[in-house]
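Reader: I am new to reading structures. Please take one part of this one, the place where the ligands sit, and go through it closely.

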Amino acid sequence: MSGIPGSGCPGRLLILDDEEAVGRTLGFIAEEIGFEVRACTRPAEFFATLDAWEPTHIAIDLVMPEMDGIEAMRLLAERGCQASIIITSGVGSRVLDSARRTATEQGLKAVNAISKPFSRELLRRLLSGGHPHSGTRLTTAGAQHVDAFVITEEQLRSGLEQQQLQLAYQPKIDCGSGALAGFEALVRWAPTPALLILPDQFVPLAESSGLIKLLTEQVCEQALRWFAQSFAAPTALTLSINFSAKNLADMHLAEWISDLCRQHGVDPAQVILELTETSAMDDPVKSLALLTRLRMQGFQLSIDDFGTGFSSLVQLVRLPFSELKVDKSFVMTALESHEARTVIKSIVDLGKSLGLRVTAEGVEEAATLDYITSVGCDFAQGYFISEPLSGRDAAAWAAAAKG
Ligand code: C2E
Ligand code: CA
Ligand code: CA
């Protein structure tokens with residue numbers, strides 16, 4: 001994924017492992033596939049090399065005498081490190097799993113974990129970016145994607161004013177029949193035709209600067225227009241749109257989006273508004289009023305990234321949701337992590353017992369789709385089914401799926 005542009009070299013791997021022999025083995029495998037490699041056994045040397053050499057990939061041991069891997073990753077996150085991280089360790093899969101999640105939550109990119117002794121093949125796949133867990137995926141062909149980009153509020157405001165947002169649409173299928181069930185709209189920002197910035201780089205800024213209202217309105221307008229133009233009513237397909245917690249402060253939202261649906265001839269029952277677990281629980285009393293209104297207008301409501309927050313069951317039962325989306329961090333690791341499978345199964349059971357539909361996102365392999373289907377998930381979304389597509393490609397995908 002993050003090779004060195006124009007150099008023909010797939011990347012620079014920096015290793016931190018207190019056992020020299022492990023570093024050598026790792027380095028040897030990486031060199032075989034063309035990587036430049038530096039291995040360090042001590043943290044001080046590691047951080048000095050990091051600054052001077054700017055690796056594209058970092059392999060880090062969890063258990064080390066001077067500084068453990070968790071602390072090292074915290075320091076990496078603090079420095080805004082953009083390298084892909086591979087955690088290597090002999091500790092059990094449960095510890096590796098939580099180390100990986102901790103690192104991801106701190107903002108590190110493309111964090112993968114492999115157990116020692118590691119298989120040559122797996123390491124090779126991780127380094128080549130071929131492994132399903134590798135961070136950012138490309139969506140709209142031809143454009144360069146930007147991982148780390150310093151954006152100012154003024155730039156974002158002017159981008160919004162100039163209507164530079166684009167939407168990608170990711171198909172969602174019915175697990176039982178495999179049929180297309182709908183699409184999720186995912187926002188991108190294209191300041192120039194050659195640049196496509198992913199939402200994690202600008203949605204938080206939009207939220208903190210008050211631009212989120214404008215952003216959400218533009219997303220809803222584009223998505224509903226696309227949906228109405230691409231699928232003649234009546235259609236059974238659904239359109240999912242992401243909302244931010246900040247949008248819940250806008251009490252007129254329910255009327256505004258209902259009007260918009262009316263203008264486009266879209267039935268609100270086909271529109272699913274996705275809210276992250278934490279956002280819906282931020283101010284449950286206020287959320288309840290607005291979410292109830294939205295439900296009364298006919299919209300479906302979904303809890304996104306479920307499993308990453310700390311919702312109380314009481315709130316979950318109180319709030320009028322119709323769908324749970326199992327966070328992709330569990331789904332992506334389902335095949336290798338017993339803990340992830342346990343979480344998925346518990347979430348599905350919880351959802352079912354509350355009468356909610358359950359969607360698994362982040363399905364990257366056929367076996368994962370089989371697994372989530374076997375535990376009772378209703379819908380699936382992920383790279384195995386399709387990456388997010390441009391509006392035109394998504395409509396073509398739907399037509400082809402119909403046969
Ligand atoms: P999300 O709502 O959880 O969306 C799913 C993200 O996972 C998308 O990233 C999607 O491209 C990616 N994804 C889909 N399938 C797979 C898979 O199989 N494997 C992996 N590793 N990733 C997969 P994207 O487009 O970068 O969006 C990131 C987040 O930005 C979204 O997470 C959502 O929280 C936020 N976002 C996107 N569009 C909007 C929007 O219009 N408004 C707001 N407020 N937030 C948005
Ligand atoms: Ca979502
Ligand atoms: Ca999600």
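**The site around ligand 1**

Author: In this predicted model, an oxygen atom of ligand 1 is 3.4 Å from a side-chain N or O atom of Glu361. Taken alone, ligand 1 exposes 790 Å², and the protein buries 90% of that. Two further polar contacts can be listed. Asp305 has a polar side-chain atom 3.3 Å from an oxygen atom of ligand 1. Val187 takes part through its backbone: one of its backbone N or O atoms lies 3.1 Å from a nitrogen atom of the ligand.

Next, the shell as a whole. There are 22 residues around ligand 1, and those that come nearest are Gln170, Arg188, Asp304, Glu364 and Tyr383. By type, the shell divides into nine nonpolar, eight charged and five polar residues. Strand E8 (180–189), strand E12 (300–306) and helix H13 (328–332) each supply at least two residues of this shell. E8 gives the largest share, with four residues.

Asp305 and Glu361 appear again at a metal. The calcium ion (ligand 3) has as its protein donors Asp304 (OD), Asp305 (OD) and Glu361 (OE), with Glu361 (OE) listed twice, and these donors lie 1.9 to 2.9 Å from the ion. Along the chain, the donors follow the spacing D-D-x55-E. Asp305 in strand E12 and Glu361 in strand E14 (residues 357–361) are 56 residues apart, so this pair links distant parts of the chain. How exposed are these two residues? Asp305 counts as partly exposed because its relative accessibility is 23%, while Glu361 is buried, at a relative accessible area of 9%. The line between the two classes is drawn at 20%.

Asp304 was named above among the residues that come nearest to ligand 1. Asp304 also bridges two metals, the calcium ion (ligand 3) and the calcium ion (ligand 2), which lie 4.2 Å apart.

Last, a residue in the loop that follows H13: Ser337 is placed between H13 and helix H14 (338–353). At 2% relative accessibility, Ser337 counts as buried. Its side chain reaches the backbone nitrogen of Ala340 at 2.8 Å.

To put the part together: Asp305 and Glu361 each have a polar side-chain contact with an oxygen atom of ligand 1, and both are donors of the calcium ion (ligand 3).

Note on methods
Residues are numbered from 1 along each chain as its sequence is written. Chains are lettered from A and ligands numbered from 1 in the order in which they are written. This is a predicted model: local features need pLDDT of at least 70, side-chain atom pairs count only at pLDDT 80 or more; totals for chains, interfaces and linings use all residues. Side-chain values use heavy atoms; hydrogens and water are left out. A residue is near a molecule or strand if one of its heavy atoms lies within 4 Å of it. A polar contact is a pair of N or O atoms within 3.5 Å; within protein, one must be able to donate a hydrogen and the other to accept it, and residues adjacent in sequence count only if both atoms are side-chain atoms. Accessible areas come from the Shrake-Rupley method with a 1.4 Å probe; for residues, only the protein chains shown count as cover. Ala, Val, Leu, Ile, Met, Phe, Trp, Tyr, Cys and Pro count as nonpolar, Asp, Glu, Lys and Arg as charged, and the others, Gly among them, as polar. Donors are N, O and S atoms within 2.8 Å of the metal (3.2 Å for Na, K and Ca); water is not among the atoms, so sites may look incomplete. Buried means under 20% relative accessible area, exposed over 50%, partly exposed in between (1.4 Å probe, protein chains only).
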